[in-house]
Amino acid sequence: MSLSPDRIRQIQELVVGRARVAVPLSRYTSFRIGGPADLVVEPADAQGLAALLRYVDENRLSFLLLGAGTNVLFHDDGFRGVVIRTCSLGGFRVNENGFDYARVTVGAGTPLPYVVNQTARLGLDGMAQLWGIPGSFGGAVVTNAGAGGSCMGDLLIHVKLMTLSGAEISLDAGDLDSRYRRMKLPQSAAVLEGTVRLRRGDTDVINQAIEQARTRRRATQPINRPSAGCVFKNPSPDKPAGMLIDRLGFKGEGVGDAQVSELHANFIINRGRATAAQVLELIERIRSRVRSEEGIELELEVSVIGVEPDHA
Ligand SMILES: Cc1cc2nc3c(=O)[nH]c(=O)nc-3n(C[C@H](O)[C@H](O)[C@H](O)COP(=O)(O)OP(=O)(O)OC[C@H]3O[C@@H](n4cnc5c(N)ncnc54)[C@H](O)[C@@H]3O)c2cc1C
């Protein structure tokens, strides 16, 4: 159900921060796909987020937390409810400087590429492999983002969350239960910030690792085309989804403007005017061939939002 004008006005009065009505979600995603959301709100700080979460909870409104939108596919009909963007919940501070390590606390809305570059500049080792992952820090925590054998779950020692009542709770690494591209967090909680523990290293060596990650990504991924990164999770380390899809000859196959990348078969790119329906049709084609010819059920890595569960 759409939000009524009254509700929209109440939220706009309640929350300090930008709030836009009926704005296309394609603007907020790296896929450049998605119909309008009733309301997109960017709380200016944690207090604003707390007020908004309490409001949506008390009034039983649908809501969605959105970081940089680099791992989502929104439906062409958009989202009925409130999309809460975390982009203003920034922050980056070194809060413990040990002899051979440091602890760095980062706000959910801070871009992950900034964190990778800043920690490298400070001679802190551990994040270079994550170079090129384009999301927010909070999104990286939730998706347990990773690359080149390193992932957020290995680095995090502490996460601060906000519950629907606006209360802040802290979880230590041991409570996080991180798995491949998944972090088990309390349902509906917003990630406010996270703390990583990084070793002191040699800046030149860290920069070399970044350079290698950059070269690898540029050679193997369509980083300049709109996409949401890898569409499917790898069924196992020795059976990457991209390899399975490539083997079945899908590279270059398209539905409308949605196309399997020629460079990396696990990426679907938007060649201009792709719709969510086209992407989903392509996803179904791939899944069904991989199922029938390889006997493997591919699981989505991208979060599909606003569609019936049998498509998601
Ligand atoms: C070109 C390209 C390359 C990529 N390469 C990689 C890669 O190598 N490795 C990898 O792991 N991923 C990769 N990705 C996917 C994506 O960048 C990561 O998953 C990223 O961490 C998502 O962050 P985000 O802020 O964009 O999250 P979003 O897409 O905004 O959200 C992802 C999910 O997290 C939830 N969420 C976001 N922020 C919060 C919050 N603060 N609190 C609670 N829930 C929240 C959302 O509701 C959603 O369910 C790539 C994507 C692209 C486009």
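User: Strands here are DSSP runs of E with at least two residues, and two of them pair if DSSP finds at least two bridges between them. With that settled, through how many residues does the hairpin join β6 to β7?

Analyst: The model is predicted. In it, three residues make up the hairpin connection from β6 to β7. The two strands, β6 (residues 92-97) and β7 (residues 101-107), pair in the antiparallel sense over five bridges.

User: Which residue of β7 is the bridge partner of E96?

Analyst: That partner is R103. R103 also has a bridge partner in β15, namely R197.

User: How many bridges are there between β7 and β15?

Analyst: Seven bridges link β7 and β15, and the pairing is antiparallel. β15 also pairs in the antiparallel sense with β8 (residues 124-125), over two bridges, with L124 opposite R200. Strand β11 (residues 156-162) is joined to β15 by six bridges, again antiparallel, and V159 has G194 as its bridge partner there.

User: Is β15 largely enclosed or largely open?

Analyst: β15 is largely enclosed by the rest of the structure, because eight of its eleven residues are buried.

User: Changing topic to the ligand. Which residues come nearest?

Analyst: There are 34 residues around the ligand, and those that come nearest are L65, T70, S136, G146 and R217.

User: Which secondary-structure elements each supply at least two residues of that shell?

Analyst: Those elements are β3 (63-66), α4 (137-142), β9 (146-147) and β15 (190-200). β15, the strand discussed above, is therefore both a contributor to the shell and largely enclosed, with eight of eleven residues buried.

User: What is the make-up of the shell by class?

Analyst: The shell around the ligand holds 17 nonpolar residues, 15 polar residues and two charged residues.

User: Any polar contacts to report? Which residue has a polar side-chain atom 2.7 Å from a ligand oxygen?

Analyst: R217 is the residue at that distance from an oxygen atom of the ligand. In R181, an N or O atom of the side chain is 3.2 Å from an oxygen atom of the ligand. For A140 the partner is a polar backbone atom, 3.4 Å from a ligand oxygen.

User: And how much of the ligand's accessible area does the protein cover?

Analyst: On its own the ligand has 970 Å² of accessible area, and the protein covers 92% of that.

User: What can you say about the backbone at R181, and where is that residue?

Analyst: R181 sits in the loop between β13 (178-179) and β14 (182-183). Its phi is positive, near 55°, in a residue other than glycine. Most residues other than glycine have a negative phi.

User: Why does R181 count as partly exposed?

Analyst: R181 counts as partly exposed because its relative accessibility is 21%, and buried would mean under 20%.

User: Which arginine has a phi near 60°?

Analyst: That is R32, a residue other than glycine with a positive phi. R32 lies in the loop between β1 (17-24) and β2 (36-43). At 47% relative accessibility, R32 counts as partly exposed.

User: Back to α4. Is V141 buried or exposed?

Analyst: V141, found in helix α4, counts as buried because its relative accessibility is 0%. V141 is eleven residues from M152 in sequence, and their C-alpha atoms are 6.1 Å apart in space.

User: Which residues of α3 are buried?

Analyst: In helix α3 (residues 112-121), the buried residues are L112, V115, V116, Q118, T119 and A120. The helix is followed by G123, which has a positive phi near 75°.

User: Now the overall layout. How is the chain divided?

Analyst: The protein chain is divided into domain 1 (5-85), domain 2 (92-220) and domain 3 (241-305). Domain 1 and domain 2 each provide at least three residues of the ligand shell. The C-alpha centres of domain 2 and domain 3 are 29 Å apart.

User: Last item: in what order do the strands of the β16-β18 sheet stand?

Analyst: The order is β16-β17-β18, an open sheet of three strands with antiparallel pairing. Its edge strands, each pairing on one side only, are β16 (254-255) and β18 (268-270). β16 pairs with β17 (residues 258-260) over two bridges, and G254 stands opposite Q259.

Notes: Residues are numbered from 1 along each chain as its sequence is written. This is a predicted model: local features need pLDDT of at least 70, side-chain atom pairs count only at pLDDT 80 or more; totals for chains, interfaces and linings use all residues. Side-chain values use heavy atoms; hydrogens and water are left out. A residue is near a molecule or strand if one of its heavy atoms lies within 4 Å of it. A polar contact is a pair of N or O atoms within 3.5 Å; within protein, one must be able to donate a hydrogen and the other to accept it, and residues adjacent in sequence count only if both atoms are side-chain atoms. Accessible areas come from the Shrake-Rupley method with a 1.4 Å probe; for residues, only the protein chains shown count as cover. Helices (H or I, at least four residues) and strands (E, at least two) are DSSP runs, numbered from the N terminus. Ala, Val, Leu, Ile, Met, Phe, Trp, Tyr, Cys and Pro count as nonpolar, Asp, Glu, Lys and Arg as charged, and the others, Gly among them, as polar. Domain bounds come from an automatic or database domain assignment. Buried means under 20% relative accessible area, exposed over 50%, partly exposed in between (1.4 Å probe, protein chains only).
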